[in-house]
Amino acid sequence: MQIADTTALVTGGASGLGAATAAALAGRGARVVALDLPDACENAPAVDGVEYVPTDVTSEADVRAAVEVAAGDDARPLRIVVNCAGIGPSARILGRKGTHSIELYRKVVEVNLLGTFVVLTVAAEAMAATEPDADGQRGVVVNTASIAAYDGQVGQAAYSSSKGGIVGLTLPAARDLAQHGIRVMTIAPGIVETPMLATVSDEFRAGLAAGVPFPQRLARPEEYAQLALAIVEHDYLNGEVVRMDGALRMAPR
C-alpha cells in the first residue's frame, strides 16, 4: 500500500503512539487527520501535514464527522487508519475499597474496544467507496492491542479485557473486509515510553526496563510508528497480531 498522496486517519493522534505515527505518516507524504479529545487537540504539537479533529471515538456521530473530513480529498483517498486511542486505569476486582467499579470497567471497554470498532467500521465504509489501486487494494486498518491481552497483570482486568477484544476482532474483521480490498492488522506493544509513564520515577521506569529480555529498555513511540508504516506497506500482512515487546512476558505483578 502506497503511503504518499493518500489520506491517513490516526486516533489518539495528539500524543504518544498516535502522535508518533501521525508525524511518521506525514513525513512520508500522507495527508494525516489526527483524532483526539478536544483538550488534547488544543495542546497538540503543530506538525506539517497533520490536521487535528476533536473527536470522541466512542461517539458514532463524532467519528462519522471526522471520517467525512478524512475522506473529503478525492486526490488523496482515505487508505490508512491507525487506531491508537485508549486508556489504561488500574483496579483490582476485589480491592481495599470494595469491588471493581462497573462504570470504570464499562468506560475502559467503551474507549479501547468499542472506540476501535466504531472507527474501523465507519472508516471501512468510506474506504470501500473509493476506487481500488492496481492490486485491488482500498485500504488498511492497524489497531492497537497490548501484551496485556495475553499477560494481564494484577489490576488489569478491564484493560486486558478490552485489549483481548481487539486481538479477537482482528481475524474476523480481516475476513469481513477482504471482499472490499481492506486489510486489518493489530500491533500488541509491550511497555512503551508514553505520557502515561511520565508521572512515574526514573527508578520505576528502570525497573520496568530491566524486565525486558532484549533490548533491555522501554520501547519508543517512534518504533511503534515504524512498525505501523511497515505493516501499511507490506501488502501480504493481514488478519494477524504482531507483538512489539522485546520478548517480554509480563509477570502477575
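## A walk from helix α3 outward

Let's start at helix α3, whose face turned away from its buried side carries the exposed residues Ala61 and Glu68. Keep in mind as you look that this is a predicted model.

Now turn to the other face of the helix. Helix α3 spans residues 60-70, and its buried residues are Val63, Ala66, Val67 and Ala70. Because these four cover an arc of only 100° around the axis, they sit on the same side of α3. What lies over them? The cover for the buried residues of α3 includes four strands, β1 (7-11), β2 (31-36), β3 (50-54) and β4 (78-83), together with helix α4 (102-128).

From here, let's move to helix α1, residues 16-27, where you will find threonine 21. Is threonine 21 buried or exposed? Its relative accessible area is 0%, and since buried means under 20%, threonine 21 counts as buried. Setting aside neighbours within four places in sequence, threonine 21 is in contact with Val10, Val82 and Cys84, and also with Tyr224, Ala225 and Ala228. Val10 falls within the range of β1 (7-11), and Val82 within that of β4 (78-83), so if you have just traced the cover of α3, you can pick up the trail to threonine 21 from those two strands.

The next stop is tyrosine 159, which lies in helix α6 (residues 157-177). With a relative accessible area of 15%, tyrosine 159 falls under the 20% cut-off and is therefore buried. Which residues does tyrosine 159 touch, not counting those up to four places away in sequence? They are Ile87, Gly88, Val108, Asn112, Ser146 and Ala148. For a sense of distance, take alanine 123, 36 residues from tyrosine 159 along the chain: the C-alpha atoms of the two are separated by 24 Å.

Finally, step back to the protein chain as a whole, which has 8 helices and 9 strands. Its C-alpha atoms fill a box of roughly 55 × 35 × 35 Å along the principal axes. A compact globule of 253 residues would have a radius of gyration near 18 Å, and the chain agrees, because its own value is 18 Å. Buried residues make up 47% of the 253. Among contacts between residues at least 6 apart in sequence, 72% join residues at least 24 apart.

On the outside, the chain exposes about 12,200 Å², with carbon and sulfur atoms supplying 54% of that area. As for charge, there are 20 positive and 29 negative charges, and their mean positions are 9 Å apart.

Methods: Residues are numbered from 1 along each chain as its sequence is written. This is a predicted model: local features need pLDDT of at least 70, side-chain atom pairs count only at pLDDT 80 or more; totals for chains, interfaces and linings use all residues. Side-chain values use heavy atoms; hydrogens and water are left out. The radius of gyration is taken over C-alpha atoms; the globule rule is 2.2 Å times the number of residues to the power 0.38. Buried means under 20% relative accessible area, exposed over 50%, partly exposed in between (1.4 Å probe, protein chains only). Contact means heavy atoms within 4.5 Å. Accessible areas come from the Shrake-Rupley method with a 1.4 Å probe; for residues, only the protein chains shown count as cover. Lys and Arg count as positive and Asp and Glu as negative; His and the chain ends are not counted. The place of a charge is taken as NZ of Lys, CZ of Arg, CG of Asp or CD of Glu. The arc is that of the directions from the helix axis to the C-beta atoms.
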